[in-house]
Amino acid sequence: RRDTVRRQPPVTVKELSVDFQTADENKDDDSRLTVSVVRSSDSGKLAEWIQEGNLELKRRSTYSVKLPIGKLTAANLPNSSLAVCIAPVGNDTWRFGMDLTATYSNGKTRSAKVPPVELNESRTCFTMQLSAFGSSV
């Protein structure tokens with residue numbers, strides 16, 4: 001008699017949350033914010049959140065964005081990158097830090113803290129590899 005070994009489905013990323021902590025320079029309400037998770041291999045978007053309407057992120061405030069992820073496996077998350085972009089109307093400087101938290105289909109979570117970032121009309125995007133999230137969860 002042959003014993004069958006059941007393979008567990010791969011662990012997937014259910015959600016990636018980004019908690020922004022605005023420092024001493026706010027994001028103007030009319031500067032559109034976009035947060036994306038992109039495959040490093042071909043720049044395909046895996047998830048995206050786009051600001052709708054006006055949204056000011058005031059000094060010393062926090063704001064959370066939750067990105068529902070499609071079928072990204074935990075093993076592939078480190079091969080992806082996070083892009084945070086603003087589309088300023090006129091002059092805008094936004095200084096912020098970020099906490100990233102990945103929630104996996106097996107119930108586990110993994111977090112990373114991002115050092116302070118500054119975006120403005122000259123530097124509109126910040127991109128980082130998600131290699132800190134490793135492939136084993």
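What percentage of the 137 residues in the chain is buried? In this predicted model, buried residues account for 39% of the 137.

**Figure 1. Overall fold and extent of the predicted chain.** The chain contains eight strands and zero helices. Its order along the sequence is β-β-β-β-β-β-β-β. Measured out along the principal axes, the C-alpha trace covers about 75 × 30 × 25 Å. Of the contacts between residues at least 6 apart in sequence, 73% connect residues at least 24 apart.

**Figure 2. Surface and charge of the chain.** About 8,100 Å² of the chain is exposed, and 45% of this area is supplied by carbon and sulfur atoms. The chain carries 19 positive and 16 negative charges. A distance of 14 Å separates the mean position of the positive charges from that of the negative charges.

**Figure 3. The aromatic pair of F20 and W94.** Four aromatic pairs are present in the structure. In the pair formed by F20 and W94, the ring centres are 5.3 Å apart and the planes meet at 50°, so the pair is classed as tilted. F20 belongs to strand 1 (residues 13-22) and W94 to strand 6, so this pair ties together parts of the chain that lie 74 residues apart in sequence. Both F20 and W94 are buried.

**Figure 4. The aromatic pair of W94 and F96, and the cluster that includes F20.** W94 also pairs with F96, with a centre-to-centre distance of 3.9 Å. The angle between these two ring planes is 25°, and the pair is stacked. F96 is buried, as is W94. Through ring pairs, F20, W94 and F96 are linked into a cluster.

**Figure 5. The surroundings of T101 in strand 6.** Strand 6 comprises residues 93-104, and T101 lies within it. The side chain of T101 forms a polar contact with the side chain of S111 at 3.1 Å. When neighbours within four places in sequence are set aside, the residues in contact with T101 are E15, L16, S17, T109, R110 and S111. S111 therefore appears in this view both as a polar partner of T101, through the two side chains, and as a member of the contact list, where a contact means heavy atoms within 4.5 Å.

How values were computed:
Residues are numbered from 1 along each chain as its sequence is written. This is a predicted model: local features need pLDDT of at least 70, side-chain atom pairs count only at pLDDT 80 or more; totals for chains, interfaces and linings use all residues. Side-chain values use heavy atoms; hydrogens and water are left out. Helices (H or I, at least four residues) and strands (E, at least two) are DSSP runs, numbered from the N terminus. A polar contact is a pair of N or O atoms within 3.5 Å; within protein, one must be able to donate a hydrogen and the other to accept it, and residues adjacent in sequence count only if both atoms are side-chain atoms. Buried means under 20% relative accessible area, exposed over 50%, partly exposed in between (1.4 Å probe, protein chains only). Accessible areas come from the Shrake-Rupley method with a 1.4 Å probe; for residues, only the protein chains shown count as cover. Lys and Arg count as positive and Asp and Glu as negative; His and the chain ends are not counted. The place of a charge is taken as NZ of Lys, CZ of Arg, CG of Asp or CD of Glu. Rings of Phe, Tyr and Trp (its six-membered ring) pair if their centres lie within 6.5 Å; planes under 30 degrees apart count as stacked, over 60 as edge-to-face and the rest as tilted.
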